[in-house]
Amino acid sequence: MRRVVPLPFPPEPLVRDAAALGAAIRSARTRARLTRADAALSLGISADALADLECGKPTVAIGTALAAATALGVSVFIAPAEQRERVRSLIKSIGP
C-alpha cells in the first residue's frame, strides 16, 4: 500500500489560476490520506483526470474541478473584484 504524505494547504486563499485550485485539492486529498487512485474512484473520475486537476492543467472541466473540491472539503468563494482584497484579507486573518 502506498504511503500518502499530507501536504500543507496553500497559504494564499485567492485562486488566481488552475494551479492554485489544484494545489488546494491535492492538499485536501493528502491530508485525508487518500491515494490519488482511491480519491479518483470515490469522485467518479479517472486517476489521470485527478492528476491533471492537481497539477493545475486548465483542460479539466470546471464542473469536475468544483465537484472534486467540494467532495474533498475545499471551499471556493466568489466576490466582486472591488471587494477581492477585503475578502482575501478576512480569509487570511482566520488562518488555517
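In which loop is the place of Arg-33? In this predicted model, Arg-33 lies in the loop between helix 1 (18-31) and helix 2 (36-43). The phi angle of Arg-33 is near 60 degrees, a positive value in a residue other than glycine. Most residues other than glycine have a negative phi.

The loop that holds Arg-33 belongs to a chain with 5 helices and 0 strands. Read along the sequence, the elements follow the pattern α-α-α-α-α. The chain comprises 96 residues, for which a compact globule would have a radius of gyration near 12 Å; the computed value of 14 Å agrees with this. The C-alpha trace extends over about 45 × 25 × 20 Å along its principal axes. Of the contacts between residues at least 6 apart in sequence, 57% join residues at least 24 apart.

With regard to the surface, 26% of the 96 residues count as buried. The chain exposes about 6600 Å², and carbon and sulfur atoms supply 58% of this area. Charged side chains comprise 13 positive and 8 negative groups, and the centres of the two sets lie 7 Å apart.

One of the negative side chains is that of Glu-54, which is found in helix 3 (residues 47-54). Glu-54 has a relative accessible area of 6% and is therefore classed as buried, the cut-off being under 20%. The side chain of Glu-54 makes a polar contact with the side chain of Arg-29 at 2.5 Å. When neighbours within four places in sequence are left aside, Glu-54 is in contact with Gly-22, Ala-23, Ile-25, Arg-26, Arg-29 and Arg-36. Among these partners, Arg-29 thus appears both in the contact list and in the polar contact between side chains. Helix 1 spans residues 18-31 and helix 2 begins at residue 36, which places Gly-22, Ala-23, Ile-25, Arg-26 and Arg-29 in helix 1 and Arg-36 in helix 2.

A contrasting environment is found for Ile-78, located in the loop between helix 4 (62-71) and helix 5 (84-94). The relative accessibility of Ile-78 is 83%, so this residue counts as exposed, the threshold being over 50%. Ile-78 and Leu-14 are separated by 64 residues in sequence, while their C-alpha atoms are 9.6 Å apart in space. Glu-54 in helix 3 is thus buried, whereas Ile-78, in the loop between helix 4 and helix 5, is exposed.

Notes: Residues are numbered from 1 along each chain as its sequence is written. This is a predicted model: local features need pLDDT of at least 70, side-chain atom pairs count only at pLDDT 80 or more; totals for chains, interfaces and linings use all residues. Side-chain values use heavy atoms; hydrogens and water are left out. Helices (H or I, at least four residues) and strands (E, at least two) are DSSP runs, numbered from the N terminus. The radius of gyration is taken over C-alpha atoms; the globule rule is 2.2 Å times the number of residues to the power 0.38. Buried means under 20% relative accessible area, exposed over 50%, partly exposed in between (1.4 Å probe, protein chains only). Contact means heavy atoms within 4.5 Å. Accessible areas come from the Shrake-Rupley method with a 1.4 Å probe; for residues, only the protein chains shown count as cover. Lys and Arg count as positive and Asp and Glu as negative; His and the chain ends are not counted. The place of a charge is taken as NZ of Lys, CZ of Arg, CG of Asp or CD of Glu. A polar contact is a pair of N or O atoms within 3.5 Å; within protein, one must be able to donate a hydrogen and the other to accept it, and residues adjacent in sequence count only if both atoms are side-chain atoms.
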